[in-house]
Structures are given as C-alpha cells and as structure tokens.
Amino acid sequence: VKCGEYRVPAMSAEPDPGFLGNTTPEQDAARKELAERLSAVLQAPGGQVFLEKFGGLEVAMLRMLRARKFDVSAAVTLVEEILVYR
C-alpha cells in the first residue's frame with residue numbers, strides 16, 4: 001500500500017501460521033504433547049519463570065515448536081537446555 005511517498009506494509013488481521021489463533025490440528029497436537037512431556041519440569045520454580053518470560057504456556061510451547069519446525073523431541077531438548085542455562 002502506498003501512502004504519499006511512503007510504502008506502508010499491508011496488514012493482515014489473521015496471525016501468521018503456527019502462532020496462537022492460527023494453528024493446524026497437527027500443530028495443536030504437537031503443542032499439547034510438548035506441554036504434557038514437560039509438565040513436571042514446568043511445575044518447578046524455574047519452569048514457572050520460563051513460562052512468565054515466554055508469555056504463558058500456550059505461547060511458549062508454540063514458540064519452542066516453531067523454533068524446531070514442530071519437532072516435539074527437539075523442542076523438549078530446547079526447553080531443557082534453556083532451563084539449565086537459566
């Protein structure tokens with residue numbers, strides 16, 4: 001979209017694919033599986049801080065899954081490494 005001499009990017013009301021509110025059934029299943037596999041780890045104080053910093057359970061799980069192309073095992077490893085680092 002052009003506004004005078006400036007180009008303004010077109011805005012979409014729909015979130016990007018893989019983000020909260022725009023996920024496929026497979027992505028939802030991966031998010032639930034990741035949350036289940038990490039449930040014990042996320043109950044610890046460090047896990048609660050992790051969830052607060054990353055925007056809550058659903059947002060954090062989707063973020064980790066996107067970072068690993070929705071590979072649940074790789075996302076579990078990523079979260080565990082983040083928690084060890086912190």
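This briefing goes through the core, helix packing, salt bridges and loop residues of one structure. The model is predicted. The largest nonpolar core holds 18 residues, and helices H1, H3, H4 and H5 each supply at least two of them. Helices H3 and H5 cross at roughly 110 degrees. Three salt bridges are counted, and Asp-28, Arg-31 and Glu-58 are joined into one network by bridges that share partners.

**The nonpolar core**

- Among the 18 residues of the largest nonpolar core, those that touch the most other members are Leu-34, Leu-38, Phe-50, Met-61 and Met-64.
- The helices that each give at least two residues to this core are H1 (25-37), H3 (45-53), H4 (57-67) and H5 (72-85).
- H5 provides six residues, the largest share of the core.
- Leaving aside residues up to four places away in sequence, Leu-34 touches Met-61, Met-64 and Leu-65, and also Val-72, Ala-75 and Val-76.

**Helix H3 and its two sides**

- The buried residues in H3 are Gly-47, Phe-50 and Leu-51.
- Viewed down the axis of H3, the buried residues fall within an arc of 95 degrees, so they line one face of the helix.
- Pro-45, Glu-52 and Lys-53 are exposed on the other side of H3.
- Helix H2 (39-43), H4 and H5 are the elements against which the buried residues of H3 pack.
- Just after H3 comes Gly-55, which has a positive phi of about 90 degrees.

**How H3 meets H5**

- Two packed helices are described by the angle between their axes and by the distance between those axes.
- For H3 and H5, the axes come within 10 Å of each other and cross at roughly 110 degrees.
- Angles of 65 to 115 degrees count as roughly perpendicular, and H3 and H5 are therefore described as roughly perpendicular to each other.
- On the H3 side, the residues that meet H5 are Gly-46, Gly-47 and Phe-50.
- Their counterparts in H5 are Val-79, Ile-82 and Leu-83.
- Phe-50 thus appears in several places: in this meeting of H3 with H5, among the buried residues of H3, and among the core residues that touch the most other members.

**Salt bridges**

- Side chains of opposite charge can pair when their charged atoms come close.
- The count of salt bridges in this model is three.
- Asp-28 and Arg-31 form one of them, with 3.7 Å between the closest N and O atoms.
- These two residues are three apart in helix H1, and about one helical turn separates them.
- Asp-28 is partly exposed, at 24% relative accessible area, whereas Arg-31 is buried, at 13%.
- Arg-31 also meets Glu-58 in a salt bridge, at 3.8 Å from N to O.
- Because Arg-31 lies in helix H1 and Glu-58 in helix H4, this pair ties together parts that are 27 residues apart in sequence.
- Glu-58 is partly exposed, and its relative accessible area is 39%.
- Another bridge links Arg-37 with Glu-33, whose closest N and O atoms are 3.5 Å apart.
- Arg-37 and Glu-33 are four residues apart in helix H1, a separation of about one helical turn.
- Arg-37 is partly exposed, with a relative accessible area of 43%, and Glu-33 is partly exposed as well, with 36%.
- Asp-28, Arg-31 and Glu-58 make up one network through salt bridges that share partners.

**Ala-29 in helix H1**

- Ala-29 is located in helix H1.
- Its relative accessible area is 45%, and Ala-29 is partly exposed.
- Between the C-alpha atoms of Ala-29 and Val-72 the separation is 9.9 Å, with their positions 43 residues apart along the chain.

**The loop between H4 and H5**

- Lys-69 belongs to the loop between H4 and H5.
- Lys-69 is not a glycine, yet its phi is positive, near 50 degrees.
- Lys-69 is exposed, with a relative accessible area of 77%.
- Phe-70 is found in the loop between H4 and H5 too.
- Phe-70 has a positive phi of about 60 degrees, and Phe-70 is not a glycine either.
- Phe-70 is partly exposed, with a relative accessible area of 23%.

Conventions
Residues are numbered from 1 along each chain as its sequence is written. This is a predicted model: local features need pLDDT of at least 70, side-chain atom pairs count only at pLDDT 80 or more; totals for chains, interfaces and linings use all residues. Side-chain values use heavy atoms; hydrogens and water are left out. A nonpolar core is a set of buried Ala, Val, Leu, Ile, Met, Phe, Trp, Tyr and Cys residues joined through side-chain atoms within 4.5 Å. Buried means under 20% relative accessible area, exposed over 50%, partly exposed in between (1.4 Å probe, protein chains only). Contact means heavy atoms within 4.5 Å. A salt bridge is a side-chain nitrogen of Lys or Arg within 4 Å of a carboxyl oxygen of Asp or Glu. The arc is that of the directions from the helix axis to the C-beta atoms. Axes are lines fitted to C-alpha atoms, for helices over the stretch in contact, and angles run from 0 to 180 degrees between N-to-C directions. Angles under 35 degrees count as roughly parallel, over 145 as roughly antiparallel, 65 to 115 as roughly perpendicular and the rest as oblique.
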